[in-house]
Amino acid sequence: MQNMQIELLQLLQQDCRLPLEKIAVMLGKTPEDVGAMIDDMEKRGIILRYSPVINWDKTDKDRVEAMIEVRVTPQRDEGFDAIAKRIYRFDEVKTVYLMSGAYDLLLLVEAHSLKELGYFVSTKLSVLDSVTGTATHFVLKRYKSDGVIFEGDTQDKRMAVNP
Amino acid sequence: MDYSQYWNPGIAAVPKSGIRKFFDIVQTMPGAISLGVGEPDFVTPYHIRNAAIDSILDGETQYTSNWGRLKLRKLIGRYLDVRYGLHYDPENEILVTIGASEAIDLAMRALLTPGDEVLVPEPSYVSYQPTVVFGGGVAVPIRTDASRNFVLTAEDLEKAITPRTKIVLLPYPNNPTGAIIGREALQQLRDVIVKHDLIVISDEIYSELTYSAEGHTSVAGLPEMRERTVYINGFSKAFAMTGWRVGYVCAPAQLMDVMVKIHQYTIMCAPTQAQVAAEEALRQGLEDDFADVATMRQSYDHRRRLMYKAFGNMGLSCFEPLGAFYVFPSIAATGMTSEAFCEKLLREKAVACVPGTAFGACGEGYIRCCYATALEKLDIALDKIGAFVQNL
């Protein structure tokens, strides 16, 4: 992958609402070039979606999140992919990783309430044939997500004028 | 008591920094956006801050060698070799200072005798002229201008040389213009410098922040120049470490001996934790090819292009800066002086810039704008400057 594409991705990851014209100036390219690069990366599935980083804690939405460690029995020929697929199809499951270490899959699961989340684990996840065990960890607070600090001092501490 | 009877008239006569006034006005305007800063908008990378904390917890609270910690000097030696092909002996040719500023002062005081002339290309950093005066010398400005990329030419250098000339200061990459100097231009200067047997003080504090394919060339790396160059650099700009105050000066051992005397009796040593932090900056950098620096440089470069383009769109002619993190547009078309422009802009639009005259008389007609500021703020500031210029 070219450096320019990576540079473009980094800019978009910072702020995907940057106008094409502005990105073009920043990269020393034409808006057409930048548009073509973005189209290409969308087609190749490198850019999947443009979504904001949201601090839900500051909204009124009722929401519980949990990280769930899942141990599974991998299947012949399919390895972990088939069971991962079965799991990620649930709407509650927002993220699925295949992990090295003491367990196999790590899920980030979201629900409206504790009860609902418990229900998901006990009646939908644990009962899957290949799942041999789960450990649910509730998220109490997000300090940082996707590189964005949710709470903290981000003020510019520099003096206004200096050499 | 009338202290004017007591003080040193030569030093008392040195004017206060031209940016002081703006600082005072900005203080009264809490919502102002400042393009008047001269430091990165990044904080020091976390691993570097952590190294200093560990050092404090480990009880490294003592003096270091006057020269600075040998470990740091060795790392500086390797860094200068890897990045710029320069070779200095960590034992007796590298001195760790309180920022590059102390290094400039040391060099002047070690070299100057009363009446010696120092040639200073302008516009340039605010401390050169005063440190020449403090050292008992005479600063002779050489005007550089946008039509020649704000680079000192061999011809102008030759013209400015007198029998009293001892030193040429080379301030590249340049604050405030953003000018860089390439190998070819340096070679032409070198011929004049060698011919007239001059010493160069090269302030290369912005050497990591250049935005051309050629990158940075150090004058000290040119043939016959190592022996007549006092090389100055530091950690402030490249590693976002301004507040730590760590710089260094390199020169042949015989000359270092004199500089280190001044440092030894006035400073003792640079703060230990700042030295440890600097070691971490170089240790990690030499391992990962200075990834921190590259990330910051890329971010400056994006904003540099935006600023340069925006001033052009406003109808202000602007030299394309290829170094540091400043643009230096001409506001001559407005018919205002730099200072009047900056003051009016600040009072009416709450945007602070620095008048070009703060960097020498030939900075008249220019303003310095620092683009090491959050993108969102830059956008607002540029919109405001645009509207301001349009309504003049």
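This short presentation covers the contact between chains A and B, one helix of chain A, and the nonpolar cores. Please bear in mind that the model is a predicted one.

I begin with the interface. On the chain B side, 21 residues are in contact with eleven residues of chain A. Two helices of chain B, α2 (20-27) and α11 (291-313), each supply at least two residues of that side. The largest share, five residues, comes from α11(B). By character, the chain B side divides into eleven nonpolar, six polar and four charged residues.

I turn next to helix α2 of chain A, which spans residues 20-27. Which of its residues are buried? They are A:Ile23, A:Val25 and A:Met26. Viewed down the axis of α2(A), these buried residues fall within an arc of 160°, and so they line one face of the helix. What covers them includes α1 (3-14) and α3 (31-43) of chain A, together with α11 of chain B. Helix α11(B) thus appears in both parts of this account: it supplies five residues to the side of chain B that touches chain A, and it is among the elements covering the buried residues of α2(A). After α2(A) comes A:Gly28, with a positive phi near 70°.

Finally, the cores. The largest nonpolar core has 135 residues, of which B:Ala107, B:Val249, B:Val351 and B:Ala352 touch the most other members. Leaving aside residues up to four places away in sequence, B:Val351 touches B:Ala32, B:Ile33, B:Leu35, B:Leu345, B:Leu346, B:Ala381, B:Lys384 and B:Ile385. Another core, of 15 residues, lies apart from the largest one; its members include A:Ala66, A:Leu105, A:Leu107 and A:Val121.

Terms used: Residues are numbered from 1 along each chain as its sequence is written. Chains are lettered from A and ligands numbered from 1 in the order in which they are written. This is a predicted model: local features need pLDDT of at least 70, side-chain atom pairs count only at pLDDT 80 or more; totals for chains, interfaces and linings use all residues. Two residues are in contact if their C-beta atoms, placed from the backbone, lie within 7 Å. Helices (H or I, at least four residues) and strands (E, at least two) are DSSP runs, numbered from the N terminus. Ala, Val, Leu, Ile, Met, Phe, Trp, Tyr, Cys and Pro count as nonpolar, Asp, Glu, Lys and Arg as charged, and the others, Gly among them, as polar. A residue is buried if 20 or more other C-beta atoms lie within 10 Å of its own, exposed if 12 or fewer, and partly exposed in between; C-beta atoms are placed from the backbone. The arc is that of the directions from the helix axis to the C-beta atoms. A nonpolar core is a set of buried Ala, Val, Leu, Ile, Met, Phe, Trp, Tyr and Cys residues joined through C-beta atoms within 7 Å.
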